[in-house]
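Open the model in your viewer and switch to a cartoon view. Keep the selection panel at hand for the stops below.

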Amino acid sequence: MMPLWIALAGGLGALARVVVDTTVARHNRTGFPLGTVVINTTGSFLLGLVAGWLLTGVLGPIGAVAGTGFLGGYTTFSTASVEAARLLRAGRRWTVLVHAGGMLLAGLLAAALGLWLTAP
């Protein structure tokens with residue numbers, strides 16, 4: 001039954017990603033793929049929280065559903081890679097570095113913050 005719950009949560013996570021990306025894109029006038037940065041950073045923070053709660057035993061099996069399912073569907077490495085490739089093909093080398101490097105740093109810091117807030 002657990003695989004079914006994880007799959008359902010993954011679908012809901014993907015739906016949440018579309019909603020967040022659409023909302024950010026509606027307000028973003030820069031041409032910078034900000035939606036993916038917001039999604040991956042918030043997803044990293046939430047996964048840090050989930051991991052910390054799993055370490056304390058607060059979540060139990062729902063942690064797999066939340067972490068693997070929902071947040072696996074919500075975050076997106078593949079979209080970030082395609083966006084970086086598009087920026088590179090457009091000759092926007094500095095933007096690629098800011099996009100990829102900034103997202104990496106923001107994701108690591110967000111995950112660390114989530115863990116710090118919840119880990120024993």
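Begin with the largest pocket: helix 5 gives the most to its lining, with six residues. Keep in mind that this is a predicted model. Select residues 93–118 to see helix 5.

**Stop 1: the largest pocket**

Now add helix 4, residues 77–89, and helix 2. Helix 2, helix 4 and helix 5 each supply at least two residues of the pocket lining. The space in this pocket comes to about 260 Å³. Show N40, F77, A80, M103 and L104 as sticks; of the 14 lining residues, these are the closest to the pocket's centre. Which classes make up the lining: nonpolar, polar or charged? The lining splits into seven nonpolar and seven polar residues, with no charged ones.

**Stop 2: helix 2 against helix 5**

Hide helix 4 and keep the other two. Helix 2 covers residues 34–56. Its axis lies 7 Å from that of helix 5, and the packing angle is about 25°. Angles under 35 degrees count as roughly parallel, so helix 2 and helix 5 are roughly parallel to each other. The crossing of helix 2 past helix 5 is right-handed. Color this contact by residue class: 13 residues are nonpolar, 11 are polar and none is charged.

**Stop 3: helix 2 against helix 3**

Stay on helix 2 and select residues 62–74, which form helix 3. Here the packing angle is about 170°, with the axes 10 Å apart. How are helix 2 and helix 3 oriented, roughly parallel or antiparallel? An angle over 145 degrees counts as roughly antiparallel, and helix 2 and helix 3 are therefore roughly antiparallel to each other.

Next, show the side chains. From helix 2, pick V38, I39, T42, G43, L46, L47, V50 and L54. They meet G63, A66, G67, L71 and Y74 of helix 3. This contact has nine nonpolar and four polar residues, and no charged ones.

**Stop 4: helix 1 against helix 2**

Finish at helix 1, residues 2–27. It packs on helix 2 at about 135°, with the two axes 8 Å apart. That angle makes helix 1 oblique to helix 2. Their crossing is right-handed.

Select R17, V20, D21 and V24 in helix 1. Across from them, helix 2 brings L34, G35, T36, V38 and I39 into the contact. By class, the contact holds five nonpolar, two polar and two charged residues. Leave V38 and I39 highlighted: these helix 2 residues meet helix 1, and they are also among those that meet helix 3.

Terms used:
Residues are numbered from 1 along each chain as its sequence is written. This is a predicted model: local features need pLDDT of at least 70, side-chain atom pairs count only at pLDDT 80 or more; totals for chains, interfaces and linings use all residues. Side-chain values use heavy atoms; hydrogens and water are left out. Axes are lines fitted to C-alpha atoms, for helices over the stretch in contact, and angles run from 0 to 180 degrees between N-to-C directions. Helices (H or I, at least four residues) and strands (E, at least two) are DSSP runs, numbered from the N terminus. Angles under 35 degrees count as roughly parallel, over 145 as roughly antiparallel, 65 to 115 as roughly perpendicular and the rest as oblique. A crossing is left-handed if the near helix is turned anticlockwise from the far one by less than a right angle, and right-handed if clockwise. Ala, Val, Leu, Ile, Met, Phe, Trp, Tyr, Cys and Pro count as nonpolar, Asp, Glu, Lys and Arg as charged, and the others, Gly among them, as polar. Contact means heavy atoms within 4.5 Å. On a 1 Å grid over the protein atoms alone, a cavity is a set of points where a 1.4 Å probe fits but cannot get out, and a pocket is an open set with protein on both sides within 12 Å along at least five of seven lines; lining residues have an atom within 4 Å of a point. Grid points are joined across faces, edges and corners, and a volume is the space filled by probe spheres set on the points.
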